[in-house]
Amino acid sequence: METEKSVKETAINMPEIKSDDKAKAPLLNSSKAISVTVEQPNRGSKKGIASGDFVLRLFAMGSALGAAVTMGNNQQILPFFTQFFEFLAQYNDITTFVYFVTANAAVAGYLFLSLPFSVICINRPLATTPRLVLVIFDTVMMGITITAASASASMVYLAHNGNQNTMWLPFCQQFGNFCQTASGAVVGSLIAGTFLMFIIILSAFALK
């Protein structure tokens with residue numbers, strides 16, 4: 001009788017184990033299905049961010065290059081001169097403007113070299129290494145662009161208004177075209193810095 005009871009108990013317990021296994025199986029399958037469906041929208045959104053990053057790099061490169069070329073060709077000669085003096089204003093007469101041209105030219109060159117990495121991010125939107133490298137260098141270049149534009153903006157302000165405390169006289173009344181060209185170059189550099197800021201924000205969302 002005892003053997004019959006034990007056989008009955010095992011016969012009753014065996015279906016319970018199988019039913020547990022069957023209950024766990026669809027949960028595993030459903031989790032795999034969820035992971036597959038979530039990955040596709042994430043990939044598509046990051047690819048769209050990478051495409052926007054590429055377009056913004058083109059705009060930033062054009063702004064920085066335009067600012068460098070504009071300031072580098074900035075000069076004005078007054079229509080009157082003497083036998084010994086010629087009234088000429090050039091960008092390299094002011095050290096801040098020389099730094100401005102060098103910085104914006106370097107930023108434009110970097111943005112051109114970064115385009116292949118941006119294409120890699122478009123083709124492989126889930127890759128984090130190229131995106132992280134771009135974020136680091138983009139931050140450095142944005143700082144260089146903003147500092148060059150800010151320093152040159154202060155010099156343009158002094159050229160327009162002067163400084164009575166230090167007896168610096170304004171000279172934009174005589175060299176009006178020179179000052180207007182310098183102001184336009186500074187605006188272009190600030191636009192390039194703004195584009196770089198948006199690029200960094202997009203990269204932060206992509207890394208998230």
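## Helix H3 and its two neighbours

H3 passes H4 in a left-handed crossing, and this pair of helices is a convenient place to enter the structure, which is a predicted model. Helix H4 spans residues 176–207, and H3 and H4 pack with their axes 8 Å apart at an angle of about 155°. Because angles over 145 degrees count as roughly antiparallel, that angle makes H3 roughly antiparallel to H4.

A second packing partner of H3 is helix H2, which covers residues 95–123; the axes of H2 and H3 come within 9 Å and cross at roughly 160°. By the cut-off already used, H2 is therefore roughly antiparallel to H3. The crossing of H2 past H3 is left-handed.

H3 itself, running from residue 129 to residue 161, has 33 residues and reaches 48 Å from its first C-alpha to its last, which is close to the 48 Å expected at 1.5 Å a residue. After the helix comes glycine 162, with a positive phi near 70°.

Which residues of H3 are buried? They are Pro130, Arg131, Leu134, Val135, Asp138, Met141, Thr145, Ala148, Ala149, Ser152, Val156 and Ala159. In reading such a list, it helps to recall that an α-helix has 3.6 residues a turn, so residues three or four places apart point the same way. The buried set includes charged residues, Arg131 and Asp138, alongside residues such as Leu134, Val135 and Met141.

Threonine 129 also lies in helix H3, but threonine 129 is exposed, with a relative accessible area of 56%, where the cut-off for exposed is over 50%. Threonine 129 also gives a view of how the chain folds back, since its C-alpha is 9.6 Å in space from that of leucine 207, although the two are 78 residues apart in sequence.

Turning to the protein as a whole, there are four helices and two strands, and from the N terminus on these elements run α-β-β-α-α-α. Of the contacts in the protein with a separation of 6 or more, 77% are accounted for by residues 24 or more positions apart. Of the 208 residues of the protein, 31% count as buried. The protein exposes about 13,200 Å², and carbon and sulfur atoms supply 68% of that area.

Note on methods
Residues are numbered from 1 along each chain as its sequence is written. This is a predicted model: local features need pLDDT of at least 70, side-chain atom pairs count only at pLDDT 80 or more; totals for chains, interfaces and linings use all residues. Side-chain values use heavy atoms; hydrogens and water are left out. The expected span of a helix is 1.5 Å times one less than its number of residues. Buried means under 20% relative accessible area, exposed over 50%, partly exposed in between (1.4 Å probe, protein chains only). Contact means heavy atoms within 4.5 Å. Accessible areas come from the Shrake-Rupley method with a 1.4 Å probe; for residues, only the protein chains shown count as cover. Axes are lines fitted to C-alpha atoms, for helices over the stretch in contact, and angles run from 0 to 180 degrees between N-to-C directions. Angles under 35 degrees count as roughly parallel, over 145 as roughly antiparallel, 65 to 115 as roughly perpendicular and the rest as oblique. A crossing is left-handed if the near helix is turned anticlockwise from the far one by less than a right angle, and right-handed if clockwise.
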